[in-house]
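Let's take a walk through this protein together, starting with a term we'll need on the way. Keep the viewer open as you read.

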Amino acid sequence: KDFNLYYNHLGYMLSLGSEYANVLVIHPMRQAYLDFQREQEQGSIQTAENQCRALSDKLSGNQIGYHYGDEYLMEEMASVEGKTIRVGLCTYDTVIIPAMETLSANTVKLLREFVANGGKIHLYSDVPTMVDARPADFSWLCENTTFEEPKAAQEVVISKDGKNIPDVRVMTRKTENGRVIFVTNFTKNTHENVEIRVKDCRNLVKLDILSLAPQTLCGEMRD
């Protein structure tokens, strides 16, 4: 009973409001299509899969809120709004292009407009060389932000002795009643004396997920 109640409460809390994610990662599915060879099957796309997993681990391990952008869905749902890209109900101020050689023509059109407006681009690997698997000119595409910039923009920063803790992952959700911050250690490693910094926060409580009882947390205000 307690097990079911715990996850019912947790699932409900993590469905409230909207997730804070300011980074859009172009999904490298088309790279997998480009690399796939029937006779090798999974082995032919292993490199692309490993690179994708490494980027996901790096972002999650630095507690950066991000979403993957499917290029097919972006054809129907994405648009540029000033220095941000909107996909459905979500907006992003930073785009990360993973290790991929080809982008769709629609994605290139969006990114060109995004860059022209001053949008932030981070290249995880080399600049793509193809549009829809055909050689193309990407001289317009230049990295204009580092990995550290979106990391510094996160609303929740978790560290120990001034260093990041890759084992710890964070989700921040914005609701009409304030923010819900979910912190989880997805390993069996124990971390003590961890510092959690929350931007623009004047009142922070810890919620017992099983009983839903709030517990006031002690901290200090910083400029």
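A word on exposure before anything else: a residue is called buried when its relative accessible area is under 20%, exposed when that area is over 50%, and partly exposed in between. Ala-133 makes a handy test case: its relative accessibility is 39%, so it counts as partly exposed. You'll find Ala-133 in the loop between β10 (130-131) and β11 (134-135). Its backbone deserves a look too, since Ala-133 has a positive phi of about 70° despite not being a glycine.

Keep in mind that what's on your screen is a predicted model. Zooming out, the protein has 6 helices and 18 strands, and its C-alpha trace spans about 60 × 45 × 35 Å along the principal axes. There are 223 residues, and 35% of them count as buried. How much of the contact map is long-range? Among contacts with a separation of 6 or more, 68% join residues 24 or more positions apart.

On the outside, the protein exposes about 13,600 Å², with carbon and sulfur atoms supplying 50% of that area. As for charge, there are 24 positive side chains and 31 negative ones, and the centres of the two sets lie 4 Å apart.

Now for the open spaces. The largest pocket holds about 1,800 Å³ of space. It is lined by 40 residues, and the closest to its centre are Ile-181, Val-198, Leu-204, Val-205 and Leu-217. The elements that each give two or more residues to this lining are α1 (2-13), β15 (178-185), β16 (195-198) and β17 (205-207). Which of these gives the largest share? That would be β15, with 6 residues.

Two of those pocket elements lead us on to individual residues. Between β16 and β17 there is a loop, and Asp-200 lies in it. Like Ala-133, Asp-200 is a residue other than glycine with a positive phi, here near 50°. Is Asp-200 buried or exposed? Its relative accessible area is 78%, so it is exposed. Helix α1, meanwhile, is the place to look for Phe-3. Phe-3 counts as exposed because its relative accessibility is 60%. For a sense of how far the chain travels, compare Phe-3 with Gln-37: they are 34 residues apart in sequence, and their C-alpha atoms are 45 Å apart in space.

What about enclosed space? A search of the whole structure turns up 1 cavity of 30 Å³ or more, and the volume of the largest cavity is about 30 Å³. Its lining is made up of His-27, Met-29, Arg-30, Asp-70, Glu-71 and Tyr-72. Helices α2 (29-35) and α4 (71-77) are the elements that give two or more residues to that lining.

Our last stop is Trp-140, in the loop between β11 and α6 (148-152). This tryptophan has a relative accessible area of 15%, so it is buried. And what does Trp-140 touch? Leaving aside residues up to four places away in sequence, Trp-140 touches Val-108, Leu-111, Arg-112 and Val-115. Cys-52, by contrast, is 88 residues from Trp-140 along the chain, and 24 Å separates their C-alpha atoms.

Notes. Residues are numbered from 1 along each chain as its sequence is written. This is a predicted model: local features need pLDDT of at least 70, side-chain atom pairs count only at pLDDT 80 or more; totals for chains, interfaces and linings use all residues. Side-chain values use heavy atoms; hydrogens and water are left out. Helices (H or I, at least four residues) and strands (E, at least two) are DSSP runs, numbered from the N terminus. Buried means under 20% relative accessible area, exposed over 50%, partly exposed in between (1.4 Å probe, protein chains only). Contact means heavy atoms within 4.5 Å. Accessible areas come from the Shrake-Rupley method with a 1.4 Å probe; for residues, only the protein chains shown count as cover. Lys and Arg count as positive and Asp and Glu as negative; His and the chain ends are not counted. The place of a charge is taken as NZ of Lys, CZ of Arg, CG of Asp or CD of Glu. On a 1 Å grid over the protein atoms alone, a cavity is a set of points where a 1.4 Å probe fits but cannot get out, and a pocket is an open set with protein on both sides within 12 Å along at least five of seven lines; lining residues have an atom within 4 Å of a point. Grid points are joined across faces, edges and corners, and a volume is the space filled by probe spheres set on the points.
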